[in-house]
Amino acid sequence: MSEFAVFDPHPVRAGSAEDSADSLDAARSRSPLHDAASPVSLTTQERAGVLLGERAFLGHLVIRGNAEDPGFVRGVEEALGLELPVTPMTSAVSETARIHWRSPDEWLLIVPGGEEYRQEMALRYALSGHVAVVDVSGGQTVVTLSGQHAREVLMKSAPVDVHPRAFPVGRSVTTCFARAQAMISRVGEEQWELVIRRSYADYLWQWLLDAGQEYGVALQS
Amino acid sequence: MSQVNRLDAGRMSSEHIDRSSTLSFTHDGRTLPAYPGDTVASALLANGVDVIGHSFKYARPRGVMAAGCEEPNAILQMGATPETQTPNVRATQQPVFDGLVCESVGRGRSFIERQQKALTGLIGKWGGRFMPVGFYYKTFMAPQSAWLTYEKFIRAAAGLGRAPTVPDADTYDHMNRYCDVLVVGAGPAGLAAALAARRAGARVIVCDEQEQMGGCLLDSRERPDDRPAGEWLKTTLAELEAMDDVLLLPRTTANGYHDHNFVTLHERRTDHLGDRAPAGMTRQRMHRVRAQRVVLATGVHERPLVFANNDLPGHLLAGAVSCYIRRYGVVPGQRLVLVTTNSHAYRTALDWLDAGREVAAIVDARAEPAGTLVDEARSRGIRIIAGAAVIECRGDDRVSGALVAGIDIENFRVTGETETIACDTLASSGGYSPVVHLSAHTGSKPVWNDRIQGFVPGETKQQLHCAGGAHGIYPLVDVLADGAMAGGDAAVAAGFERVSPTLPGLARVEESPQAALYHVPHTLATMRAPKQFVDLQNDVTAAGIELAIREGFESIEHVKRYTAMGFGTDQGKIGNINGMAIAARVLGQTIPETGTTVFRPNYTPVSFGAVAGRYCGALFDPERYTAMHRWHVEQGALFENVGQWKRPWYYPGWKGARGANGEETLQEAVNRECLAVRNGVGILDASTLGKIDIQGPDAREFIGRVYTNGWEKLPVGKGRYGLMCGEDGMVMDDGVTTCLGEHHFLMTTTTGNAAQVLDWLELWHQTEWPELEVFFTSVTDHWATMTLTGPKSRELLEQLTDIDLSRDAFAFMAYREGTVAGIPARVYRISFTGELSFEINVQANYAMHVWEALFAHGEAFELTPYGTETMHVLRAEKGFIIVGQDTDATMTPEDLGMTWAIGYRKPFDWVGKRGMARVDLQRDDRKQLVGLKPLDGSEVVLPEGAQIVFDPEQQIPMTMVGHVTSSYYSATLGHGFALAVVRGGHRRKGEHVYLPQPDGSTLSAEIVSSMFYDPKGERQHV
């Protein structure tokens, strides 16, 4: 392990159990959207055509490796209990985690907050050869987007076909989003998730509220 | 006067206006009534308004001529308020809403006459109404210096409409769309194509630029399935609307057809509703459509005939007259003369009769006109004058008669006697030009078709199909079948199976061939006859085109530019083909030999707002924030843009600092911040630095190849400064890279270059050294970075960390892991200030907690936040460069005096080594980085960018030997100082240089070492 410096970013809390999922310290954390302003007036959930929310403080790990190496594919699957998606723009999901194909040798694993260190260790034990695992949890966040006009908001934002014929549930596409980037995932019939970078979060939040305004926007509880 | 030209209710069953309510609108200060469904043009005609403006060159009265986007005359300035001004709105496409305010852009005859008087005063005998083609080119060429005088007069006289003077009150947006088949045009061909494509299973988008879909079906006399055309239209639209995956976009113009079947549609969402868009709605929307296949069902534009005084109000396109009668119940006169080259236009005379008005004559250029409509006209007793044309229009502000004569088209001359026929309306049809614009956008050259006397789309590289009139198929029965075929073809090409729609039964309307007449001969030669207009918007005449050719402009592109034909907002939609025909005749060649000018996007003018979309104001470009941004804002920081990042620039008045005059200036704040760092402890939010995680067995090797210095011996736990060069040997980035593990490094880059450096690494890895096992991942946003710096930084940090900070345990350039304020952190001993420094990195979600804890404990040490300005001063005092400020892509590491950072003997030829070895880069008189100490007093700060000379007495042009790259006042040193590049500077230490100033004074400075403060580096090693 001395080849790599694996870092647990979460503080150990007094009295917390050994379970690492518990080590996430939300009280001392601020998500990328903590300070995001709302330039448009919001409506109620019932009347909203677009619902926006944040799934903050999740664990985000970038995994790099050779998809043609059966050892790598098997190792990832053993460590995560998830099939490694090797088809472009797909994802695989378990009860607690989701892994997204991002490029031919790159995946994004999203796990419950606080688990990223344990998952990285598990991956590093299971994998050998030339691989990389990088914790990027502090650098991005997940925005949830739903409602009957969610698709229109995406169409205003990204040059990717989000029609049900072209974008089935489970699809995951990294693309331009307004003047920034996002990974767009369709996680349910009308449920979408965006993975966005921390430093662009305020801008994209404003963009999304603006794009949704004509349909009525509410915050997802 | 109230709607004098409106037919009685019920007279035209085909009309599409709603007579149950009345709207009112204002044109040129007059309030007029209209009905919902009217365009401004139909309403003006209904109210008997003949003159809608005056032409901009000759100040001739002009009226409505067309009914669509090709309209050259009825161009309006619209908007009731300064915030809603829209110039150059086509009255023929603008629906009337209650309260609409518009005025003519022609600015009236008096304005133009004043302008021309001004021009006459300026240039003598020219001016007025006698400006020939090429007038401006000929008159204003010399002397060149006089252009500035001419310009303001010409600019004042030129152009149409007024640009708004205040920001637009409305918003605009974009929508990305995909489909299997995009159908442009919802006339019979487009609708049949859409039906066929959708029934086959394709996702379909149909756009049409008019208020209502239907195209020619809206005013057709034909009866599909023996019912009025409008009924088949209604049924078909209802069927399409009810289908999934069909998007119908009326009021939407396909303006550009770009590569890869990317088509931009411009939807006017609220222009028909009011002066301002309703709350929550964008006024216009750009649909960015990526279609698998495109069906162009764009139809045709009718051509007017070119005859003398053909610009008089009351002369309209034949099709436009039918349109106004049948769609709007408006007959723009009492007594009609129709002049035509084809049988189809006879419908206009029949419509006119149906409206209960009188048809004086149909003048047909063909010797033996025949066909279904011709027979009907004969049987209804209309006088038909065959083998003749209207050679001149009579009247002052409105048509009062038509001068008719027999013509010999072949020999371009008038035959026999002329006859004047009294009339108040003249309708002309010179044939039809397929709308080939969008097809031509794809690079396809239009091809001449003799049968229809028009250009049709040529071969194309794009995945497109043409349908109906757009490629010269005119009889309605054929158009419907052709549309269905094209839609089916498109669907099949997109991977679906053909399902043909049932088409309505329809009898074929027979027509005899049309005559090839464009420019009607006159009894006088073209140059002597009254003006025969080709391009009405730009006042280009047949005589002008003939003159241009006599003067040697033979290429149609040259003729266009010399005469300005097609330069107007209508882009010559109705005039250009006639112009080409005239050029062809004069040149003695055919029209296809003459060719067309190039059709470019956009098809019709587009509002800038629609181009910008929501990318304006706060959404124009992202602002990137660090995890501590809110804190900086609350502390009153002013911000500097670094790339897209907002970085604190300085913190004026922090903790009540007041400066000499009550409000701290930039210099006072920077002095305070600098002294706090040098004497106590300061903190900088350094989160914006680019951070690249590098993993892999070959990470060390790779880093050695992209940095100039050596990396073989860097141990785990230590960092090193690196310089990155382009292949040319010029410095492109710098930063500290730390060895976290044998196969694991963290590279930092300058804030502005982070993305480019990552791209650069990937470029070399993917294209040159794919065999190296290494992965790069940006972690810029993951880590928040706080630089604690100053002699008291250790003492402060000790209170918050479990890391042993002692000099022996934690040496300069090392890194340690531990906790800071209870949060796991990586701490680096890196210094950009020359002081004892600790760079604290924590996962960004915890950053505010740590930052606030540092300030809570920092109270006792007067911990001071500082911004980029102080950072710049502190680093410059140490001679540390900023890439992009002290370098400009022409500086090698050697020019910077940084040979200590060059690994000349590294085993692998690192990027830039060979470039740097070029002879010219080895000259010893290159511009080299030095320090400058001003000699004119301690308060003097040399201006950044100031040019440097060795000899202040030299005559201009002086020999410039360098320039100041960074310059500041140093509160620590007590004087101004600068970094500069000076020719051969490294061996000129101690010499004096001079900096001539714009005000004539000259500053002087001494060349010194670029390290002004603590040259031995003792302060950072404590």
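**Entry 1: an exposed glycine**

Before looking at single residues I fixed my terms: a residue is exposed if 12 or fewer other C-beta atoms lie within 10 Å of its own, and buried if 20 or more do. I was working on a predicted model throughout, and I kept that in mind for every value below. I began with Gly937(B), which sits in the loop between strand E42 (927–934) and strand E43 (947–948) of chain B. Gly937(B) has 8 C-beta neighbours inside 10 Å, and it therefore counts as exposed. I then took its distance to Leu536(B): the two are 401 residues apart in sequence, and their C-alpha atoms are 70 Å apart in space.

I checked which record covers this stretch, and UniProt, in an unreviewed entry, places "domain: Aminomethyltransferase C-terminal" at residues 927–1014 of chain B. Over that span I found 0% helix and 45% strand, with the end C-alpha atoms 25 Å apart.

**Entry 2: chain B as a whole**

I next stepped back to chain B, which holds 24 helices and 47 strands. Its C-alpha atoms fill a box of roughly 115 × 70 × 55 Å along the principal axes. Of its 1022 residues, 54% are buried, and among contacts with a separation of 6 or more, 66% join residues 24 or more positions apart.

I noted the division of chain B into domains, including domain 2 (172–300 + 434–493), domain 4 (629–687 + 783–866) and domain 5 (690–778). The C-alpha centres of domain 2 and domain 4 of chain B lie 62 Å apart.

I also looked up two further UniProt annotations, both from an unreviewed entry. One, "domain: FAD/NAD(P)-binding", is listed for residues 180–444 of chain B; that span is 22% helix and 37% strand, and its end C-alpha atoms lie 22 Å apart. The other, "domain: GCVT N-terminal", covers residues 628–906 of chain B, where I read 25% helix and 28% strand, with 41 Å between the end C-alpha atoms.

**Entry 3: a hairpin and a sheet in chain B**

I followed strand E29 (residues 638–642) of chain B into strand E30(B) and found that the two pair in the antiparallel sense over 5 bridges. Within this pairing, Phe639(B) stands opposite Pro648(B) in E30(B). The hairpin has 2 residues between its strands, and Gly643(B) takes a positive phi near 60 degrees there. Is strand E30 (residues 645–650) of chain B enclosed by the rest of the structure, or exposed? I found 6 of its 6 residues buried, so the strand is largely enclosed.

Further along I traced an open sheet of 6 strands in chain B, in the order E38-E39-E40-E37-E31-E41, with mixed pairing. Strand E38 (815–820) and strand E41 (864–865) of chain B are its edges, each pairing on one side only. Inside the sheet, strand E39 (residues 823–828) and strand E40 (residues 837–843) of chain B pair in the antiparallel sense over 3 bridges, and I noted that the bridge partner of Arg826(B) in E40(B) is Asn841(B).

**Entry 4: nonpolar cores**

I then asked which residues have the most contacts inside the largest nonpolar core. They are Leu204(A), Ala847(B) and Val850(B), in a core of 167 residues. Helix H4(A) gives the largest share of this core, 8 residues. Leaving aside neighbours within four places in sequence, I found Ala847(B) in contact with Ala627(B), Met628(B), Ala784(B) and Val842(B). Apart from this core lies another, of 106 residues, among them Ala34(B), Cys102(B), Val321(B) and Val339(B).

**Entry 5: where chain A meets chain B**

Last, I turned to the interface, where 47 residues of chain A are in contact with 51 residues of chain B. On the chain A side, the elements giving two or more residues are strand E2 (59–64), strand E6 (132–135), helix H3 (150–157) and helix H4 (201–212). H4(A) provides the largest share of that side, 5 residues. By type, I sorted the chain A side into 18 nonpolar, 13 polar and 16 charged residues.

I closed with H3(A), in which 6 of the 8 residues are buried, so the helix is largely enclosed by the rest of the structure. Its buried residues are Ala150(A), Val153(A), Leu154(A), Met155(A), Lys156(A) and Ser157(A).

Technical notes. Residues numbered from 1 in each chain as written. Chains lettered and ligands numbered in written order. Predicted model: local features only at pLDDT ≥ 70, side-chain atom pairs only at ≥ 80, totals over all residues. Helix = DSSP H or I, 4+ residues; strand = E, 2+ residues; numbered from the N terminus. Contact = placed C-beta atoms within 7 Å. Domains from an automatic or database assignment. Nonpolar A, V, L, I, M, F, W, Y, C, P; charged D, E, K, R; others polar. UniProt positions renumbered as here; feature names shortened; annotations may be inferred. Core = buried A, V, L, I, M, F, W, Y, C linked by C-beta atoms within 7 Å. Pairing = 2+ DSSP bridges.
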